[in-house]
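User: I should like to work through this structure step by step. Please begin with the terms that I shall need.

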Amino acid sequence: MTTDSITPATRVTLLLCNRLGQGKENNSTSPLSTAEYAALIQWLDSKKLNLSGLFEQDLIKEFAQFSRIDYVRLNNLISRGGALALAIEEWTNKGIWILSPHDEKYPKRLIERLAHKAPPLLFGVGNQELLSNGGLAVVGSREISERARMAAHQIGHHCVKNRIQLISGGARGVDSEGMQTVLEDGGNVLGFLADSLIKMSVNGKYRQGLKENRLVLVTANDPRTPFTVGNAMARNKFVYCLSDWTVVISSSFNEGGTWAGATENLKNKWVPLFVRKDVDVPEGNYRLIDKGAIPLLPESFSGPEVFRNFLKNIRWATDKQCVVCDLSAPYSTSNEIEKIPESIQVPVHSEVPIKKSNEKARDKQKPKKSKSAPVPDPEIWHCVEDELKTPKTDKELALQFKIELKQVKAWLSEEVKKGEIKKLTGPVRYVKANEGVSLDRWVKL
Amino acid sequence: MGDTLKEKSLALLRTAIENPDAEFRKGQWEIIEQLVNENAHLLVVQRTGWGKSIVYFIATRLLRDKGCGPALLISPLLALMRNQIAAAERIGLVARTINSSNHEEWENVYSELKENKIDLLLISPERLSNDKFREKLLPVAQTIGLFVIDEAHCISDWGHDFRPDYQRILRILQALPENVALLATTATANDRVIEDIRSQLGDKLGLSKGPLARASLSLQTISLPSKAERMAWLAENIPKIDGSGIVYTMTVRDSERVAQWLHHKGIDAYAYSGETDNETRQTLEEALLENKIKVLVATSALGMGFDKPDLGFVIHYQRPGSIISYYQQVGRAGRALDQAYGILLAGEEDKEIVDYFIKSAFPKEDHVNLILKELEKADDGLSVPMIEERTNLSHTQITNVFKMLSVETPAPVIKEGSRYYAAATEYAINKLKIERLTSLRHTEWQQMNDYMRGALCLMMYLQKGLGDPEAKPCSRCSVCQGRPLLPEKPSEELVVEACGFLYTNYHSIEPRLQWPSGVAVSPEEWHGHIPEELRANPGIALSDWGDGGWGELVKAGKRDGHFDNKLAGAMCDLIVNRWKPDPMPTWVTCVPSLRKKTLVKNFAGELADLLGLPFVDCIRKTRETDLQKLMKNSVQQVRNLNGAFEIDESKIMGCPVLLVDDMVDSRWTFTILAAMLRSAGTGPVYPCALTNTLGKDIL
């Protein structure tokens, strides 16, 4: 890494947002927060200016007035050129590159999903291309059972077989088990770390992966940052947002980083969340499923094909704005936005019990259907349709509109055939077709 | 605004150099103005004494008055010279330094920096390669308004003095944004070096360059092959030259020997090298500045920034490798004098010395690959001692490899704490670059010899070589004058005396006190501290390898397989008349060799005869060993010898013994054998060697 591989915009971002070695003493100048930085970028955009313009004193004054951020503070930050040069030289000397949202290789999905909460700076080692490749995030607690470890391994293997990148938080336990497996197997890994980037980057375990461009280690914190709980929690969202799906192997209930990250994801609906369901899982797993996560049974990852299909069948239901893994590509890339298919593909090998029972229900439904009115009453239907902006089960609709359940089911079935409504699984619900399927389907509102 | 600034600057100049009528030299004001008003990045190539430091003192003062933070000065000097500090103080600048020799003051300096009390912080380049220091420096570097890089030619590997530490400085400078000013200064850079620096620091780098000639400097070259001749010449001619000056040598040993000789001949001369301790160095520098001594006999360690306006002479005892290093040293003379001498004496050993430097400039490819291989194997990295244990490389060889690797981009090795780790890059030595640079060094040596030949004006030759556009005949040198300025041949008598002096180059062999860690020494598994009853007594070595005295005869003897009997005579004389160990040894034994069975034995026998003592061959070598001089660190040296010897206890005597060997290097052979002999029941053991071959870095 040469010092000039860091773009001018990124250098200014470092000046504004990084401590550059300064402690948190009283009279020190505190760097801009993510929100303040975002405000600055927006302001500059509106004036059609870029960051380098900030070396002009007048511009700083203007922004200070506009944003009410202290002028002295801004000026101090931007004048730290000496410290910047020393810091940049030290980082690049250790092989670390630095990206800001202005750089081409900065993963766009962080901006798409987090908007102004996207980290202004990413420090990393390894292949930058991998940042935008999406993949499967595998997360879980640091202390895990033997079965949990096996699960992480298995899933790791399947990822490699299906050429899906693994994303991990790099922590002890589930995170690093998954990473090791995939790396040893020859697959790609994106490790988003909360701390100790440098330490990890010189670890012999990862050297091969780095050399072969199959590994990228990245952090949003200063490379020298030691572990703090706060940082670990904060980085969880980045792990989710960079992925296409996330699997929780094991989670505590109502405490710990895994729980916090998973619930955050459910709240924000970033990516589909699978949670392992097995005889040994801790309470947290069950609770997450209650909250709307998709249960992941051992049968679903008993083999690479099975797992692939499992993922495939989930993916069409994701929000349009999510960039989705294309499993048919030579290597899973996430640069294409999937078209949402018109009809459901009922998986042949699916072992999800709920689906089965719905299939049966639907089969049973058919003969009865012919006896009810095939086309719903337009007035009533209009109201029902409105309700279907967010997914609802047939029971909910029946209750709400005081219509007979079998009548509702008949109407729904008809509308699904026409393509006006989509049928979602796990649990079975219905939603308006042209609303763009949202992630709500699997979240209980 | 600009006028006020100029007036202010002029006032500061006049205060600083205590001259109410002083005016700026050409270019000085422009540099100050650009630094202060435009945060310019500038390279200044001007001869020593032009006033580079005044420029950055004034710029710093003005920037500070504007409210900027302190200036950071990176210089290889230990401390600013006293007259420079005085000038800085006169204009109210508070200057502090952080270097390896003022640890106790560091905390104070950091506090003062935080409190914004310091105007100019001076650090040495090696400091920037130290992680801990960087950590401390970083927070206080937040407000630096001006970077000053002294001896900037060290950045360029086209230059004569390329230093790996400067590569890190270069990278730091490349990362400086436009709102921090930069001043790079040097007195010695030819066009190629300047081009190189500009290409690395960016084309926005402004250039200020001045002429190099020293009007009052008179040059001459003299060829005197032997050391004795040159030493005689120095003793004869230095007293004839007015004022005080410097004699430059290429090696530490030479600086010591020549200083001793001159002192012996009544000239107030002192040795100065990288091996002199810091305090003494400072004392000597001041003494020379104040004309309290006549001459400093120095290696190139006396270089950077040493500025004595009234330096009366610079004489070179041996040819340096290039005319640019020659100029850097000789160009110091005559700044403020009407007449000063720059004399180059060429000796027969010069080429060998320069070749050694050229060869050892880059670490061997084998060493690099070996170290990288070991690092790849280690998941948790390795420290230098750990690498020593795993390889047969010396501490210096290992650090040289890391110095070179630290310059490569992307870095193949990363340092964290005290350990090195293999980075995840594919690395191959840049053979092309090494060849280019080696070839360059050979060309430069050629240039040096062309200078010696004196076909044209000596000063003009130097100027042209350095790309000075104002090169013209000087009319002062021996070539322009058509005759020698100082006599070319020393008196016969003095040469003989110098010869004799060279032949009295004996020194003590100090006993070792500690076994190396990690080895248990046979036959009794000794380790740790070496107790007194097993220790060798202080011993004696007759000469140094290739010292121009007895060392030459020893060299010949090793080559021929038989030592001239003059050596036994000299050794006997040394023991009986000068060394006079007490108690005197009563018998003689020697270190055996399986390879050359009779070489040392014969010599020891002869010596015993002359001393009138019995010679007892009581040590046997039981297995072959590798050549000790190939063993590069203590652990390897001792392992090589461990268990290779056996004492025949029936033959030993319980009284003091002289233990003879031809060479002494690391002293481990003597240490192990002394312990074994003592343990077997002999009296005190006196190590005795013909010559000392310890080859440290010879500067």
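Analyst: Two strands are said to pair if DSSP finds at least two bridges between them. The model discussed here is a predicted one.

User: Which residue is the bridge partner of Leu136(A) in β4(A)?

Analyst: Strand β3 (residues 136-139) and strand β4 (residues 166-168) of chain A run parallel and are joined by 2 bridges. Leu136(A) belongs to β3(A). Its bridge partner in β4(A) is Leu166(A).

User: In what order do the 9 strands of the open sheet in chain A stand?

Analyst: Strands of a sheet pair through backbone hydrogen bonds, either parallel or antiparallel. In this open sheet the pairing is mixed. Neighbouring strands are turned by 25° against each other on average, direction ignored. The order is β1-β2-β6-β5-β4-β3-β7-β8-β9.

User: Which strands stand at the edges of this sheet?

Analyst: A strand at the edge has a single partner strand, so one side of it is left without a neighbour in the sheet. In chain A this applies to β1 (97-99) and β9 (294-296).

User: Which helix packs on the sheet and touches β7, β8 and β9 of chain A?

Analyst: The strands concerned include β7 (245-248) and β8 (273-276). The direction of the helix makes about 145° with that of β8(A). Together with β8(A) and β9(A), this helix makes a right-handed β-α-β unit. The helix is α13 (residues 283-290) of chain A.

User: Which residue stands opposite Leu273(A), and which is the bridge partner of Phe274(A) in β9(A)?

Analyst: β8(A) is joined by 3 bridges to β7(A), and the two run parallel. A further 3 bridges join β8(A) to β9(A), again in parallel. Opposite Leu273(A) stands Thr246(A), and the bridge partner of Phe274(A) in β9(A) is Ile294(A).

User: Which residues of β8(A) point the other way from Leu273(A) and Val275(A)?

Analyst: In a regular strand the side chains alternate between the two faces of the sheet. Leu273(A) and Val275(A) point one way from β8(A), and the residues on both sides are buried. Those pointing the other way are Phe274(A) and Arg276(A).

User: Which helix gives the most residues to the largest nonpolar core?

Analyst: The largest nonpolar core has 111 residues, and Leu16(A), Leu51(A), Leu136(A) and Ile155(A) have the most contacts inside it. One of these, Leu51(A), touches residues including Ala9(A), Leu16(A), Tyr37(A) and His102(A). With 7 residues, the helix that gives the most to this core is α5 (residues 81-93) of chain A.

User: How many residues are in the other core, which lies apart from it?

Analyst: Residues of chain B are found among its members, including Leu219(B), Ile246(B), Ala287(B) and Tyr461(B). The number of residues in this core is 42.

User: What percentage of the residues of chain A count as buried?

Analyst: Chain A has 18 helices and 11 strands. It exposes about 19,700 Å², of which carbon and sulfur atoms supply 51%. Of its 445 residues, the buried part is 56%.

User: In chain B, which residue of β4(B) is the bridge partner of Ala95(B)?

Analyst: Strand β3 (residues 95-98) of chain B runs parallel to β4(B), and 4 bridges join them. The chain crosses from β3(B) to β4(B) through helix α5 (residues 106-114), in a right-handed β-α-β crossover. The bridge partner of Ala95(B) in β4(B) is Leu120(B).

User: Which residue of β4(B) is the bridge partner of Leu72(B)?

Analyst: Strand β2 (residues 71-74) of chain B is joined to β4(B) by 4 bridges, and these strands run parallel. The bridge partner of Leu72(B) is Leu121(B).

User: Is Asp150(B) buried or exposed?

Analyst: Asp150(B) is found in the loop between β5 (146-149) and α7 (164-174) of chain B. Its contacts include Tyr56(B), Leu73(B), Tyr166(B) and Thr185(B). A residue is buried when its relative accessible area is under 20%. At 11% relative accessibility, Asp150(B) therefore counts as buried.

User: How many of the 11 residues of helix α9 of chain B are buried?

Analyst: Helix α9 (residues 227-237) of chain B is largely enclosed by the rest of the structure. Among its buried residues are Lys227(B), Met231(B), Trp233(B) and Asn237(B). The number of buried residues is 9.

Conventions
Residues numbered from 1 in each chain as written. Chains lettered and ligands numbered in written order. Predicted model: local features only at pLDDT ≥ 70, side-chain atom pairs only at ≥ 80, totals over all residues. Heavy atoms only, no water. Axes fitted to C-alpha atoms, helices over the stretch in contact; angles between N-to-C directions. Contact = heavy atoms within 4.5 Å. Core = buried A, V, L, I, M, F, W, Y, C linked by side-chain atoms within 4.5 Å. Buried < 20%, exposed > 50% of the residue type's maximum accessible area, 1.4 Å probe, protein only. Right-handed = clockwise from strand over helix to strand, strands pointing away. Areas by Shrake-Rupley, 256 points an atom, 1.4 Å probe, with all protein chains shown as cover. Lists of a residue's contacts leave out its neighbours within four places in sequence.
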